[in-house]
Amino acid sequence: MKKAILVTSFGTSHKDTREKCLDLIQREVEEKYGSENVERAYTSGIIRRIIKKKGIHIFDQEEGLKFLKDKGFEKIITMSLYILGGIEYSKLDDKYGEISKPLLADNEDFKKIVENEEFNDVEGNDAIVFMGHGTESEADYAYQKLQKEYLKAGKSNIFIATVEGEVTIKDIIEKMKGKGFKKILLKPFMIVAGDHAKNDMSSDNEDSWKTMLKNEGYEVTSVLKGMGEYKFIREMFMDKLKEVYI
């Protein structure tokens, strides 16, 4: 049976983080499974329209599946590059083959995130605040579960807030009061460091997380490093692909 892989993410219009994260993940998939068997899809229509104006066409998932089917592939695995099994993940179509699990699917996934030293390095600061995207679906609870896992591991100086989920940066600011923290490291808990990381997290806009924390008296450092740049994260996604590539 001829099998193909459609590497599927929300996407990004930012070339720098695309190359460091999405391109790198796809290259590693191609190295293992063959470049002729791999295509890419973005599920965000807005992002696809933005990059189309730059002369770049990226399939949506439906187009990608059809393209590979028309090439003669009988089974098409959708490799999910989603962190949660949220709204976007639930829209993925499995009509030609399985969909790999999101990053935070099993208890072991949370453990791997919490235990990784490089990912959780405070880099000389007192605390880390991760920016997650968040979702209106029940899957948003994964961020709170991860927060509990950090506490269980004794890492009470690592916090997770979201842009669109239940726990906001204002909630985390309240949690940090009276803890004696002075220097805060902001990091994206997202596969790429795109619009949210650059604007909502790290910019000098009055409503950015960096500005809000500075207004509370903290010294703030931002790191624009998408999760796709970490080898262990890419390995987690590759393991999930392997589970369904049978």
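## Cavity

A search of this whole predicted structure finds one cavity of 30 Å³ or more. The volume of the largest cavity is about 30 Å³. Three elements give two or more residues to its lining: β1 (3-9), α1 (15-33) and β2 (38-42).

The residues that line the largest cavity are Val7, Thr8, Ser9, Leu22, Gln26, Arg40, Ala41, Tyr42 and Leu81. By class, the lining holds five nonpolar, three polar and one charged.

## Two domains

The chain splits into domain 1 (3-102 + 229-245) and domain 2 (107-226). Their C-alpha centres are 26 Å apart. Across the boundary, 22 residues of domain 1 are in contact with 25 residues of domain 2.

The largest pocket draws on both parts. Domain 1 and domain 2 each give at least three residues to the lining of the largest pocket.

## Largest pocket

The largest pocket has a volume of about 850 Å³. Its lining counts 34 residues. Nearest the centre lie Phe10, Tyr82, His133, Met190 and His196.

Several helices contribute. At least two lining residues come from each of α2 (45-52), α4 (87-90) and α8 (195-201). The lining of the largest pocket divides into 18 nonpolar, twelve polar and four charged residues.

## Annotated sites

The unreviewed UniProt entry places a "binding site" feature at His133, Glu164 and His196. These residues are spread over 64 residues of sequence, yet they cluster in space. The largest C-alpha distance among them is 10.7 Å. The lining of the largest pocket includes His133, Glu164 and His196.

The unreviewed UniProt entry also places an "active site" feature at His133. His133 therefore carries both labels in that record, "active site" and "binding site".

## His133

His133 sits in the loop between β4 (127-132) and α6 (141-152). Is His133 buried, partly exposed or exposed? His133 counts as partly exposed because its relative accessible area is 30%, and the partly exposed class runs between the 20% limit for buried and the 50% limit for exposed.

Residues up to four places away in sequence aside, His133 touches Tyr143, Thr162, Val163, Glu164, Gly165, Met190 and His196. Two of these contacts, Glu164 and His196, are also named in the "binding site" feature from UniProt. Met190, another contact of His133, is among the residues nearest the centre of the largest pocket.

## Glu164

Glu164 lies in the loop between β5 (158-162) and α7 (169-176). Glu164 has a relative accessible area of 47%, so it is partly exposed.

Leaving out neighbours within four places in sequence, Glu164 is in contact with His133, Gly134, Thr135 and His196. Both of the other "binding site" residues, His133 and His196, are in this list.

## His196

His196 belongs to helix α8. Why does His196 count as partly exposed? Its relative accessible area is 21%, and buried means under 20%.

With neighbours within four places in sequence set aside, the contacts of His196 are Met131, His133, Val163, Glu164, Met190 and Met201. Val163 and Met190 appear here, and they also appear among the contacts of His133.

## Second largest pocket

The second largest pocket has a volume of about 160 Å³. Its lining residues are Thr162, Val163, Thr168, Ile169, Asn199, Asp200, Asn205, Asp207, Ser208, Trp209 and Met212. They divide into four nonpolar, five polar and two charged.

Helices α8 and α9 (209-215) each supply at least two residues of this lining. Helix α8 also supplies at least two residues to the lining of the largest pocket. Thr162 and Val163 line the second largest pocket, and both touch His133.

## Arg234

Arg234 is in helix α10 (residues 231-244). Is Arg234 buried or exposed? Arg234 counts as buried because its relative accessibility is 10%, and the buried class means under 20%.

Not counting residues up to four places away in sequence, Arg234 touches Leu24, Ile25, Glu28, Gly228 and Glu229.

How values were computed: Residues numbered from 1 in each chain as written. Predicted model: local features only at pLDDT ≥ 70, side-chain atom pairs only at ≥ 80, totals over all residues. Heavy atoms only, no water. 1 Å grid on protein atoms, 1.4 Å probe; cavity = no way out; pocket = protein on both sides within 12 Å on 5 of 7 lines; lining within 4 Å. Points joined across faces, edges and corners; volume = space filled by probe spheres on them. Helix = DSSP H or I, 4+ residues; strand = E, 2+ residues; numbered from the N terminus. Nonpolar A, V, L, I, M, F, W, Y, C, P; charged D, E, K, R; others polar. Buried < 20%, exposed > 50% of the residue type's maximum accessible area, 1.4 Å probe, protein only. Contact = heavy atoms within 4.5 Å. Domains from an automatic or database assignment.
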